[in-house]
Amino acid sequence: MSTTGSRTLQLLALLQTHRYWPGPELAERLEVSVRTLRRDVDRLRELGYPVDASRGVDGGYQLAAGASLPPLVVDDEEAVALAVGLRTAAQSGIAGIEDASVRALAKVVQVMPSRLRRRVDALRSATVAGAIRQGPTVDAEVLTVIAQACRDEERIGFVYTARDGERTERSVEPHRLVSVERRWYLVAYDLGRFDWRSFRLDRLAEPHPTGQRFRPRELPAEDAAAFVTASLGASAETLAIEAIVHAPVELVESRIGRWATTEAVDAATTRIRMAADSAEWALFGLAAVDARFEILAPAEVAELARVWGERFAGASGAAATSGAAATSGAAGTSGTASTTGASGQPVT
């Protein structure tokens, strides 16, 4: 049997990892009698931890919110995960959490044993954050409310805005939170649609717990991340882009061969075909070749290229006008500046 001190720490750790524990189950986990469990709970209360108890056949214990945050009990793996998670959160898309993450990280690292600090530093030095584009930000309070509901297996309600702008009230059984492609998603069973759904958190508002517990259902996927990935694949409107790039096929292949199929038209021209989730990413890829190109299809990508061409030409208009004026004043002539758009046509 464990000592009283170590058992008290174990009890505190269990109370921190689950919202509610039935008394007999908690006693069984600690390998003590129900009477001994009650004494251990009283000892935690004396130390300042607010533990609520409910009596009766289904009676149990839960750690209540106190006037101040009590010390947390974490093992080595949890401490390393906490430090790494705080580093990541400091650079995340969660609104208002960056500064708090930095402050919390400083406190955690300060009290870490040197062996754990070395593990955290090793992870930091061996990993690189490759944030190419920042996704929509998510309110930290929204993330916290939903995370707690997932942990406590408690139904929640919220207002959801669909892609077409329609706002509906939803009631769900939350399963897991997933971060995919710079966005946060909630995987949940929708009680109104009688099916599993994934919800983008930046489109979710006013989440609130209902106080109703539920028995977890079986997710129709290997895990929550796989479910979200499959949902995104099913809903994505993939664009099939075809373009002519005025560059040798070897150059085009070296620049965008990972994302496109290339075919040499002649020694200096290449036909490419690629699939993209958005017109913007298609243009980014084509621009990476650093050569003139014409978009053959689809029309919406060619139209976006035209709009971007006008916008970029306008961005350099002041400098171009200044340079043209200086040249005109010196030579006594005037001219019209133009640039070539992505479609190959002059944009004036």
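Which residue has its backbone nitrogen 3.2 Å from a polar atom of the side chain of Asp190? That residue is Arg193, and the views below begin there. This is a predicted model, in which local features need pLDDT of at least 70 and side-chain atom pairs count only at pLDDT 80 or more, while totals for chains, interfaces and linings use all residues. Residues are numbered from 1 along each chain as its sequence is written, and side-chain values use heavy atoms, with hydrogens and water left out.

**View 1. Asp190 and its polar contacts with Arg170 and Arg193.** Let us start with Asp190, which sits in strand β8, residues 183-190. Strands are DSSP runs of E with at least two residues, helices are runs of H or I with at least four, and both are numbered from the N terminus. Asp190 counts as buried because its relative accessibility is 0%. Buried means under 20% relative accessible area, exposed means over 50%, and partly exposed lies in between (1.4 Å probe, protein chains only). The side chain of Asp190 makes a polar contact of 2.8 Å with the side chain of Arg170. A polar contact is a pair of N or O atoms within 3.5 Å; within protein, one must be able to donate a hydrogen and the other to accept it, and residues adjacent in sequence count only if both atoms are side-chain atoms. Besides this, the backbone nitrogen of Arg193 lies 3.2 Å from a polar atom of the Asp190 side chain.

**View 2. Thr36 and Arg35 in helix α3.** Here we meet Thr36 in helix α3, which covers residues 34-46. Thr36 is buried, with a relative accessible area of 14%, and its side chain makes a polar contact of 3.0 Å with the side chain of Ser33. Arg35 also has its place in helix α3, but Arg35 counts as exposed, at 58% relative accessibility. On the surface, Arg35 gathers with Arg38, Arg39 and Arg55 in a patch of positive charge. Such patches are made of residues with over 30% relative accessible area and no salt bridge, with like charges joined within 9 Å.

**View 3. The salt bridge between Asp40 and Arg7.** The side chains of these two residues, Asp40 and Arg7, meet at 2.6 Å, N to O. The pair links distant parts of the chain, with Asp40 in helix α3 and Arg7 in helix α1 (residues 4-17), 33 residues apart. A salt bridge is a side-chain nitrogen of Lys or Arg within 4 Å of a carboxyl oxygen of Asp or Glu. Asp40 is buried at 1% relative accessible area, and Arg7 is buried at 6%. A search of the whole structure finds 15 salt bridges.

**View 4. Arg273 and Glu263 in a salt bridge.** In this pair, the closest N and O atoms of Arg273 and Glu263 are 3.4 Å apart. Arg273 lies in strand β13 (residues 269-276) and Glu263 in strand β12 (residues 260-266), so the pair ties together parts that are 10 residues apart in sequence. Arg273 is partly exposed at 39% relative accessibility, and Glu263 is partly exposed at 40%. Both belong to a network of salt bridges that links Glu242, Glu263, Arg271 and Arg273.

**View 5. Arg306 and Glu310 in helix α11.** The side chains of Arg306 and Glu310 meet in a salt bridge of 2.6 Å, N to O. Arg306 and Glu310 are separated by about one helical turn because they are 4 residues apart in helix α11, residues 299-315. Arg306 is partly exposed at 33% relative accessibility, and Glu310 is partly exposed with a relative accessible area of 40%.

Definitions and conventions. Patches are made of residues with over 30% relative accessible area and no salt bridge: like charges are joined within 9 Å, nonpolar side chains (Val, Leu, Ile, Met, Phe, Trp, Tyr) within 5 Å. Accessible areas come from the Shrake-Rupley method with a 1.4 Å probe; for residues, only the protein chains shown count as cover. Lys and Arg count as positive and Asp and Glu as negative; His and the chain ends are not counted. The place of a charge is taken as NZ of Lys, CZ of Arg, CG of Asp or CD of Glu.
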